[in-house]
Amino acid sequence: MRYKGRDYKVSEASQGGIKILLDRQGTIRVEQTFAGVIRFKDGGIVPVVGLVLRSDEKEMVVKFTIGISFNRMMAEQARVRKKYPMFFDKE
């Protein structure tokens, strides 16, 4: 995730929003508009826009107004399932 010229790790992502890990508390305020770019492991990029719902020294939660498409989410899910099949085995 690229935001304001810095790279951040995304810990959770959905079509509706993301949770971003922070390494320090910044000047992010709740209800602040957020715009950034998500870079996926396969090289794909998706610009996103949203509203900050929660922010503390460890993480920031953003609800999208413009987010990740269904097709992009399915492609990422397929990549994760292929790379980590042991987490999806049914017993």
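1. Contacts along the chain: among contacts with a separation of 6 or more, 47% join residues 24 or more positions apart. A contact here is a pair of heavy atoms within 4.5 Å.

2. A word on the model, before you read on: it is predicted, with local features needing pLDDT of at least 70 and side-chain atom pairs counting only at pLDDT 80 or more, while totals for chains, interfaces and linings use all residues. Residues are numbered from 1 along each chain as its sequence is written, and side-chain values use heavy atoms, with hydrogens and water left out.

3. Fold elements: you will find seven strands and one helix, in the order β-β-β-β-β-β-β-α along the sequence. Both are DSSP runs numbered from the N terminus (helices: H or I, at least four residues; strands: E, at least two). Along the principal axes, the C-alpha atoms fill a box of roughly 45 × 25 × 20 Å.

4. Burial and surface: the chain has 91 residues, and 31% of them count as buried (under 20% relative accessible area; exposed is over 50%, partly exposed in between; 1.4 Å probe, protein chains only). About 6,500 Å² is exposed, 53% of it supplied by carbon and sulfur atoms.

5. A patch to look at: Tyr84, Met86, Phe87 and Phe88 make a nonpolar surface patch of about 440 Å². Patch residues have over 30% relative accessible area and no salt bridge (a side-chain nitrogen of Lys or Arg within 4 Å of a carboxyl oxygen of Asp or Glu); nonpolar side chains are joined within 5 Å, like charges within 9 Å. Phe87 sits in the segment after helix 1 (70–83) and is exposed, at 64% relative accessible area.

Technical notes:
Accessible areas come from the Shrake-Rupley method with a 1.4 Å probe; for residues, only the protein chains shown count as cover.
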